[in-house]
Each structure stands twice: as C-alpha cells, then as structure tokens.
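Student: Got a minute to go through this one with me? I'd like to poke around a bit before I head back to the bench.
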Amino acid sequence: MGSKTAPNNQDEKRPNAAAGTNRRIDAIFLPQIADMHGVEVEEGGERGCGRMWTIDPAYGRGAYWYLAIDDAAAIAVFDLLFAETVSFGAVVPNFFCFGSYGRSMIPYFTPLLGIEDGWETGTLLGYAWRSGMCREVVPPGERLSVASISLLPEGATETARAIGTDPITLTTAIARLDGTHRIPALSRLFDEIRAARLSQVVSEAYYRCKATEACTLVVDWHAKNAQSVAPRMRAVDRTSLNLACAFAREHLGDPIELDDLCQVACTSPSKLASLFRDAEGTTPMGWVRDRRMERACELLTGADDSIAAVAARVGFSRQGSFSEAFKERFGMTPHRYRALNRSA
C-alpha cells in the first residue's frame with residue numbers, strides 16, 4: 001500500500017501497546033502511528049501529558065499527540081507531512097469524532113460526508129464511524145493537520161450527562177458538522193488546543209476541560225439552530241474568504257490593508273466584512289491581528305529571535321507597538337510570555 005514498513009518486521013516497529021494506560025483508546029491510535037513511522041517522545045513531549053510521537057525523518061516530519069480520557073474518549077492533535085506515499089490504518093470500534101481539519105484532509109471525508117471542499121483553515125467536521133477497518137493512503141507532500149475529539153459510545157453518554165443533555169442530542173449535533181458551518185467559538189477552542197503548551201501539573205486537567213467545553217459548544221450551536229438553520233455560505237463566498245485568509249497568512253510580516261484583502265478576494269469591503277463576521281465572528285483586520293498574535297506566540301516559545309525580530313516577523317515596524325498590542329491581548333509582555341512558557 002505504499003508504506004516502507006515491511007510486513008515481516010511490523011511488530012518490531014510498532015509502539016509498545018503495553019505502555020498505554022487506556023487499552024481501547026491505544027488500540028485505535030497505536031497501529032496507525034506505527035504505520036506512519038512514529039518515534040515516541042517521553043512523557044507526552046512538550047504537551048506534558050498523554051502520548052506523543054515525531055515522524056522518523058527518513059519518512060517525513062511532524063508530530064502526533066493524543067490523550068486518552070477514562071478509556072472512553074480521546075483528544076488528539078497532529079500535523080504531518082510525508083516524504084513518500086504512506087498507508088496507515090487500524091481496526092476500530094464504533095465511535096464518534098469531531099474536530100477542526102486542515103484543507104488537505106477534506107478529500108478523505110468526501111466518501112463519508114460528501115464534502116468536496118473546505119475552508120482555508122479549520123473546517124469543522126463530525127461523523128460516526130462504524131466498527132471495522134479504517135485505512136487511508138496519503139501521497140507525499142500532502143499536509144495532514146487535525147485537532148479532534150473522539151468519543152466511544154459510553155464516552156458520549158458520560159459526556160452528555162456531564163453537560164446536561166442526552167447522548168442522542170450530542171451525537172446528532174456532532175453529525176451536523178459537515179464542513180459547511182462556521183462556529184467561531186468552537187474553531188477558536190480547537191486553535192487553543194493546538195497552541196497549548198502547559199506545565200505537567202495542569203496539562204491533563206486543561207485538555208479534559210477543553211474536551212467537555214467542545215461538546216458543550218457543539219450542543220449549544222445545535223440547540224440554537226435546530227429549528228431554523230442559518231443559510232450556508234455560497235461556494236463563491238467561501239472561495240473569497242479562503243483567498244483573503246491565505247493571503248493574510250502568507251504576508252503576516254508585511255503591511256496588510258483591508259483593500260489588499262478585498263483585491264485578492266475579488267470582493268468589496270462591506271461584503272468581505274460580512275463574510276468574516278458570519279464565518280469568523282470578527283472583522284477582516286481583527287482576524288489578521290489574531291493570526292499575528294498567534295504567530296508571535298509560536299515564535300516566542302519556539303525560536304530564539306529577539307523580541308524586535310519577532311515583532312518584525314508579524315508585521316510590526318516598532319517593538320514598542322508590538323509589545324503594547326501583545327500585552328493588551330494576553331495581559332503580559334512578550335518577555336514575560338516567553339519566560340513563562342519556556343520554563344513550563
């Protein structure tokens with residue numbers, strides 16, 4: 001199926017399932033990660049809990065992390081890029097899953113959900129998987145980016161009870177996430193999960209709370225829209241939004257004006273403002289500002305650049321202006337943020 005893993009030594013390459021603390025959850029993830037040529041990192045790596053792997057550099061790059069929750073649920077994050085075709089899969093039980101998926105992931109859901117295109121980032125998808133073999137073949141150079149929550153049937157029941165609803169309502173809400181809807185609060189939550197790097201003392205509690213919060217948000221959205229579903233965004237409008245977002249991400253270090261976004265999106269300022277309001281819950285320039293702060297956090301914790309260099313890389317000509325904007329957004333200076341996150 002395109003993987004370099006030879007059948008006669010597959011068991012030698014698989015992560016040690018005995019090391020897992022949640023057998024049923026491990027059984028879903030471990031075979032797939034082994035097929036991806038994952039190399040396990042000790043003690044959950046930089047996330048401080050759960051289990052984490054990096055891809056063997058001979059086969060690609062990226063990281064795969066998951067946390068099993070009470071043997072009935074899991075929260076997972078991965079961002080992978082393979083250097084050659086890779087086939088991975090596992091025999092899985094019945095379970096429900098929803099999350100924020102990168103655009104390159106959309107084709108894998110076409111047979112299941114009928115979705116043919118997604119958003120520039122953070123397409124929200126939910127589905128019920130029936131027990132059986134789950135296998136995918138991924139070509140080289142295709143980025144797989146996901147933050148998701150998986151619930152076994154009893155996990156869905158327990159979570160529904162915890163948030164004051166019933167499992168039918170929860171799983172129905174999950175199944176409605178067909179890639180056409182934008183739920184800004186839920187998208188932000190998955191972005192926060194991707195970016196989180198906490199101390200070992202609180203990390204597991206944080207992710208457990210986020211999993212519950214995500215289920216709460218999707219049920220709340222479903223309840224508010226069950227009777228009168230808001231009209232879905234037209235394909236042409238989604239394309240305009242995707243173009244504006246992609247342009248902004250590629251030019252975070254450059255001056256960006258609203259007219260620049262309108263030009264690349266081929267639409268008017270009022271129309272673009274409406275699209276961002278409906279899909280992202282903010283203005284176009286507010287979205288750009290949030291992405292700059294998001295990127296700044298990554299640079300402050302993952303690079304040795306000076307604060308002035310970080311400021312320049314996210315579009316600020318003056319370090320002072322950047323520090324003021326950062327403190328307004330996060331309640332602390334960039335220096336303080338770097339110190340806290342690097343010592344965590």
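Student: Let's start with a cysteine: is C97 buried or exposed?
Tutor: Keep in mind that this is a predicted model. In it, C97 has 4% relative accessibility, so it counts as buried, the cut-off being under 20%.

Student: And how many disulfides are there?
Tutor: The count comes to zero. For C97, the nearest cysteine sulfur belongs to C134 and is 9.9 Å away. A disulfide would need the two sulfur atoms within 2.5 Å, so C97 is in none.

Student: What about C266, which cysteine sulfur is nearest to that?
Tutor: That of C262, at 10 Å, and C266 is in no disulfide either. C266 has 69% relative accessibility, so it counts as exposed.

Student: OK, new topic. Which residues of helix 5 are buried?
Tutor: Helix 5 covers residues 167-175, and its buried residues are L170, T171, A173 and I174.

Student: Why do you say those line one face of the helix?
Tutor: Look down the axis of helix 5: the buried residues fall within an arc of 155°, so they line one face.

Student: What does that buried set pack against?
Tutor: Three strands and two helices: strand 6 (95-101), strand 7 (123-129) and strand 9 (144-151), along with helix 4 (153-162) and helix 7 (203-225).

Student: What's going on at the start of helix 5?
Tutor: There, D166 has a side-chain oxygen that comes to within 3.0 Å of the backbone nitrogen of I168.

Student: You mentioned strand 9. Which residues does S150 touch there?
Tutor: S150 sits in strand 9. Setting aside neighbours within four places in sequence, S150 is in contact with A72, A73, A74, F95, F96 and C97. So C97, the buried cysteine from earlier, is one of them.

Student: Is S150 itself buried or exposed?
Tutor: Buried, with a relative accessible area of 12%.

Student: Another serine, then: where is S87?
Tutor: S87 is in strand 5, residues 86-92. At 3% relative accessibility, S87 counts as buried.

Student: And which side chain does the S87 side chain have a polar contact with?
Tutor: That of R135, with a distance of 2.7 Å.

Student: Switching to backbone. What's the phi of H37?
Tutor: About 70°, so positive, although H37 is not a glycine. H37 is in the loop between helix 2 (23-35) and strand 1 (38-41). With a relative accessible area of 7%, H37 is buried.

Student: And D71, what's its phi?
Tutor: D71 has a positive phi too, about 60°, and D71 isn't a glycine. You'll find D71 in the loop between strand 3 (60-69) and strand 4 (73-82). D71 is partly exposed, with a relative accessible area of 26%.

Student: Last thing: how many cavities of 30 Å³ or more does the structure hold?
Tutor: One. The largest cavity has about 30 Å³ of space in it.

Student: Which residues line the largest cavity?
Tutor: The lining is W119, E120, T121, R182, L241, N242, C245, E280 and W287.

Student: Which element gives the largest share of that lining?
Tutor: Helix 8, residues 235-250, with three residues.

Conventions. Residues are numbered from 1 along each chain as its sequence is written. This is a predicted model: local features need pLDDT of at least 70, side-chain atom pairs count only at pLDDT 80 or more; totals for chains, interfaces and linings use all residues. Side-chain values use heavy atoms; hydrogens and water are left out. Buried means under 20% relative accessible area, exposed over 50%, partly exposed in between (1.4 Å probe, protein chains only). Helices (H or I, at least four residues) and strands (E, at least two) are DSSP runs, numbered from the N terminus. The arc is that of the directions from the helix axis to the C-beta atoms. Contact means heavy atoms within 4.5 Å. A polar contact is a pair of N or O atoms within 3.5 Å; within protein, one must be able to donate a hydrogen and the other to accept it, and residues adjacent in sequence count only if both atoms are side-chain atoms. On a 1 Å grid over the protein atoms alone, a cavity is a set of points where a 1.4 Å probe fits but cannot get out, and a pocket is an open set with protein on both sides within 12 Å along at least five of seven lines; lining residues have an atom within 4 Å of a point. Grid points are joined across faces, edges and corners, and a volume is the space filled by probe spheres set on the points.
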